[in-house]
Amino acid sequence: MTSRRDTVRPGPEHARAMRAAIALAVTGMTRGDGGPFGAVVVKDGRIVGRGWNRVLATHDPTAHAEIVAVRAACRRLRTHVLAGCEIFASCDPCPMCLAAIHWARIDRIWYAASQKAAASAGFDDARFRRELRLPPSARRLPARRILAAEGAEPFRRWAKKRDRTLY
């Protein structure tokens with residue numbers, strides 16, 4: 001995992017990968033599949049996953065470019081762990097995509113457009129970012145906890161499971 005003091009400087013191979021992500025953003029948008037977002041996952045200098053926003057084409061609000069690219073890379077590499085990979089996104093990832101990138105254990109994120117550029121085109125995720133900083137009880141979308149003891153039971157069973165795979 002990289003730190004805040006990441007000193008990797010972009011080179012020609014990074015520009016090629018980012019241009020591929022930007023081209024996917026244009027392709028998907030032109031096709032009418034969704035918003036103007038594209039992403040590629042790169043391992044050892046090779047693109048192993050590609051994606052563009054497919055929210056409209058699939059009627060799936062989670063089909064963001066980064067998620068599509070991560071899913072494609074996982075299928076291709078036959079793993080749920082993308083350590084050793086980098087993701088190139090045409091725009092700074094939204095909170096959902098950022099979480100998926102973290103869950104996949106991707107080493108580094110490269111992005112082109114800013115959140116501000118996305119917001120100016122009507123893709124403003126600022127309210128989601130604000131909501132995520134609040135405790136569940138203070139969020140706009142009501143969240144109430146029920147059946148806490150019953151809900152904890154699967155986790156107790158998981159902890160005892162000898163053949164579990166942590167991720």
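How many residues apart are glutamate 153 and arginine 157 in helix α7? They lie four residues apart, which is about one turn of the helix. Welcome to this structure, which is a predicted model. Its protein chain has 167 residues, and its secondary structure comes to seven helices and four strands. The points below start with the whole chain and then visit some of its residues.

**The chain as a whole**

- If you walk along the sequence, you meet helices and strands in the pattern α-β-β-α-α-β-α-β-α-α-α.
- Taken along the principal axes, the box filled by the C-alpha atoms is roughly 55 × 40 × 35 Å.
- Of all the residues in the protein chain, 32% count as buried.
- Looking at contacts between residues at least 6 apart in sequence, 48% of them join residues at least 24 apart.

**Surface and charge**

- The protein chain exposes about 11500 Å², and carbon and sulfur atoms supply 56% of that area.
- There are 31 positive and 15 negative charges, and the mean positions of the two sets are 2 Å apart.
- A nonpolar patch on the surface is formed by Ile22, Val26 and Met29, which together have about 240 Å² of accessible area.
- One member of this patch, valine 26, belongs to helix α1, which covers residues 12-31.
- Valine 26 is partly exposed, at a relative accessible area of 45%.

**A closer look at lysine 43**

- You can find lysine 43 in strand β1, made of residues 38-43.
- Its relative accessible area is 27%, so lysine 43 is partly exposed.
- Beyond its neighbours within four places in sequence, lysine 43 is in contact with Val48, Leu77, Ala83, Gly84 and Cys85.
- Arginine 145 is 102 residues away from lysine 43 along the chain, and the C-alpha atoms of the two are separated by 41 Å.

**A salt bridge between two strands**

- Side chains of opposite charge can pair when their charged atoms come close.
- The structure holds seven salt bridges.
- In one of them, the side chains of glutamate 86 and arginine 108 meet at 2.7 Å, N to O.
- Glutamate 86 sits in strand β3 (residues 85-91) and arginine 108 in strand β4 (residues 108-113), so this pair ties together parts of the chain that are 22 residues apart in sequence.
- Are the two partners buried or exposed? Glutamate 86 counts as buried, because its relative accessibility is 16% and the cut-off for buried is under 20%.
- Arginine 108 is buried as well, with a relative accessible area of 15%.

**Salt bridges within helix α7**

- Helix α7 spans residues 148-160, and glutamate 153 takes part in a salt bridge there with arginine 156, at 3.0 Å, N to O.
- Glutamate 153 and arginine 156 are three residues apart, so about one helical turn separates them.
- The side chain of glutamate 153 also meets that of arginine 157 in a salt bridge, at 3.2 Å, N to O.
- Glutamate 153 is partly exposed, with a relative accessible area of 28%.
- Arginine 156 counts as partly exposed too, at 42% relative accessibility.
- Arginine 157 is exposed, because its relative accessible area is 60% and the cut-off for exposed is over 50%.

**A salt-bridge network**

- Three residues, Arg31, Asp33 and Arg54, are linked in a network of salt bridges.
- Arg31 is also part of helix α1, the helix of residues 12-31 that holds valine 26.

Conventions: Residues are numbered from 1 along each chain as its sequence is written. This is a predicted model: local features need pLDDT of at least 70, side-chain atom pairs count only at pLDDT 80 or more; totals for chains, interfaces and linings use all residues. Side-chain values use heavy atoms; hydrogens and water are left out. Helices (H or I, at least four residues) and strands (E, at least two) are DSSP runs, numbered from the N terminus. Buried means under 20% relative accessible area, exposed over 50%, partly exposed in between (1.4 Å probe, protein chains only). Contact means heavy atoms within 4.5 Å. Accessible areas come from the Shrake-Rupley method with a 1.4 Å probe; for residues, only the protein chains shown count as cover. Lys and Arg count as positive and Asp and Glu as negative; His and the chain ends are not counted. The place of a charge is taken as NZ of Lys, CZ of Arg, CG of Asp or CD of Glu. Patches are made of residues with over 30% relative accessible area and no salt bridge: like charges are joined within 9 Å, nonpolar side chains (Val, Leu, Ile, Met, Phe, Trp, Tyr) within 5 Å. A salt bridge is a side-chain nitrogen of Lys or Arg within 4 Å of a carboxyl oxygen of Asp or Glu.
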